[in-house]
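Colleague: I am new to this structure, and I would like to go through the terms used to describe it. Could you set each one against its definition as we go?

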Amino acid sequence: MTGTPPVRPAGRADLPRVAELAAQHAQYERAAPPAPDLAARLAGLLFDTPTPRLRCLVAEAPDGEIVGYATCAPELSTWDGREYLHLDCLFLAPGHRGLGLGPLLMEAVVAEARRLGVAQVQWQTPAWNEGAVRFYDRLGARAKEKLRYTLPVGEAGA
């Protein structure tokens with residue numbers, strides 16, 4: 001181990017690897033691949049704005065290779081009348097699951113929620129992803145069954 005923590009905030013130089021992992025994540029979830037310029041888009045959201053909303057955490061293997069990531073951003077709940085932290089993505093590369101990095105990523109996300117002063121983290125996962133469901137259940141999370149929709153609105157932000 002290099003003496004650095006295995007989970008840390010992503011730096012600008014980490015973003016090409018995060019984009020690679022995001023492509024693996026999309027393939028794993030049977031989704032369309034991310035935009036080809038994802039690393040640059042993430043840089044804009046994380047580093048090139050005075051008040052970034054997006055947070056990106058990376059998990060490192062003992063040799064320093066980035067093998068996982070989590071991204072999250074504050075959102076609003078009308079029903080609760082307060083903010084929560086939306087966990088958009090959590091992914092570990094195959095071969096690095098079951099080694100304790102997933103719980104460390106989730107602990108870092110929860111720590112970010114506490115730092116922001118929000119009382120809840122919310123996310124979704126495909127119902128067929130039984131490994132993820134078991135992992136989240138072990139953490140004490142509880143699922144709500146809903147469908148997630150996406151409605152394209154044109155070229156803005158494409």
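**Strands, burial and cores**

Modeller: Let us start with a pairing: the bridge partner of arginine 8 in strand 2 is valine 58. This is a predicted model, in which local features need pLDDT of at least 70 and side-chain atom pairs count only at pLDDT 80 or more, while totals for chains, interfaces and linings use all residues. Residues are numbered from 1 along each chain as its sequence is written, and side-chain values use heavy atoms, with hydrogens and water left out.

Colleague: What makes strand 1 and strand 2 a pair?

Modeller: Two strands pair if DSSP finds at least two bridges between them, and strand 1 (residues 7–9) is joined to strand 2 by 3 bridges, the two running antiparallel. Strands here are DSSP runs of E with at least two residues, and helices are runs of H or I with at least four residues, numbered from the N terminus. Strand 2 also pairs with strand 3 in the antiparallel sense, over 6 bridges, and one of these partnerships sets leucine 57 against alanine 70 in strand 3. These two strands form a hairpin with 5 residues between them, where glycine 64 in the turn has a positive phi of about 95°.

Colleague: Why is strand 2 called largely enclosed?

Modeller: Buried means under 20% relative accessible area, exposed over 50%, and partly exposed in between, with a 1.4 Å probe and protein chains only. Because 6 of the 6 residues of strand 2 are buried, the strand is largely enclosed by the rest of the structure. Arg55, Leu57 and Ala59 lie on one side, and Cys56, Val58 and Glu60 on the other.

Colleague: How do you know that cysteine 56 is buried, and why is it not in a disulfide?

Modeller: Cysteine 56 has 7% relative accessibility, so it counts as buried. A disulfide is a pair of cysteine sulfur atoms within 2.5 Å, whereas the closest cysteine sulfur to that of cysteine 56, in cysteine 72, is 8.6 Å away and therefore too far for a bond. A search of the whole structure finds 0 disulfides. Cysteine 72 is buried too, with a relative accessible area of 1%.

Colleague: Which residues touch the most other members of the largest nonpolar core?

Modeller: A nonpolar core is a set of buried Ala, Val, Leu, Ile, Met, Phe, Trp, Tyr and Cys residues joined through side-chain atoms within 4.5 Å. Of the 23 residues in the largest one, Leu85, Leu87, Leu90, Leu105, Val109 and Tyr136 touch the most other members. Helix 3 gives the most to this core, with 6 residues.
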